[in-house]
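Biologist: Please take a close look at the strand pairing in this model, and then relate that part to whatever packs against it. I would like the cut-offs stated as you go.

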Amino acid sequence: AAAAAAASEGSPLVVVEDSPTTTLQVRLGGGARTTVRANKSHTLEALHAHIASLTPGVAFSLRAGFPPKRLGELGRTLEEAGLLNEAITQSKE
């Protein structure tokens, strides 16, 4: 619960320039689209926190793929989760 509370407050991603990066297309719950640049080593938890910082106070989950599946295992990296250069959708809960 503590990790969920921390993630709900949100914090922007900090990209390490000399490490491999990826670009994610994110569709926010309100319909807006944004591009997120992240290191391949960032975790799903860090991505969730970043998106929370863009939409404060909104409870949400992240989905990717087709058909869209909820992204779990927040400790996995973007690379481990197969999300490099992917489209991610924020689903309000």
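Modeller: Two strands count as paired if DSSP finds at least two bridges between them, and the elements themselves are DSSP runs numbered from the N terminus, with helices (H or I) of at least four residues and strands (E) of at least two. This is a predicted model, in which local features need pLDDT of at least 70 and side-chain atom pairs count only at pLDDT 80 or more, while totals for chains, interfaces and linings use all residues. Residues are numbered from 1 along each chain as its sequence is written, and side-chain values use heavy atoms, with hydrogens and water left out.

The protein has two helices and five strands, which follow one another along the sequence in the pattern α-β-β-α-β-β-β. In space, the five strands form an open sheet of mixed pairing, in the order S2-S1-S5-S3-S4. Strand S2 (33–39) and S4 stand at its edges with a single partner strand each, so one side of each is left without a neighbour in the sheet. Strands of a sheet pair through backbone hydrogen bonds, either parallel or antiparallel.

At the S4 edge, strand S3 (residues 60–64) runs antiparallel to S4 and is joined to it by two bridges, with Arg63 having Arg70 of S4 as its bridge partner. At the other edge, S1 and S2 are antiparallel over seven bridges, and Thr21 has its bridge partner in Asn39 of S2. Five residues lie between the strands of this S1 and S2 hairpin, where Gly31 takes a positive phi near 105°. S1 also pairs with S5, here in the parallel sense over three bridges, and Arg27 stands opposite Thr89 of S5.

As for what packs against the sheet, helix H2 (residues 44–54) lies across strand S1 (21–27), S2, S3 and S5, at about 120° to S3; axes are lines fitted to C-alpha atoms, for helices over the stretch in contact, and angles run from 0 to 180 degrees between N-to-C directions. S1 has two faces, a covered one with Thr22, Leu24 and Val26, and an uncovered one with Thr21, Thr23, Gln25 and Arg27.

The largest nonpolar core (buried Ala, Val, Leu, Ile, Met, Phe, Trp, Tyr and Cys residues joined through side-chain atoms within 4.5 Å) has 18 residues, and Leu83 and Ile88 have the most contacts inside it. S1, S2, H2 and S3 are the elements that give two or more residues to this core, and H2 gives the most, with four. Where contact means heavy atoms within 4.5 Å, and not counting residues up to four places away in sequence, the residues that Ile88 touches include Leu24, Val26, Leu62, Leu71 and Leu83.

One loop residue deserves a separate word: Thr77 lies between strand S4 (69–70) and strand S5 (87–92). Thr77 is buried, with a relative accessible area of 17%, because buried means under 20% relative accessible area, whereas exposed means over 50% and partly exposed lies in between (1.4 Å probe, protein chains only). With residues up to four places away in sequence again left out, Thr77 touches Lys40, Ser41, His42 and Thr43.

For the whole protein, buried residues make up 32% of the 93 residues. Among contacts between residues at least 6 apart in sequence, 61% join residues at least 24 apart.
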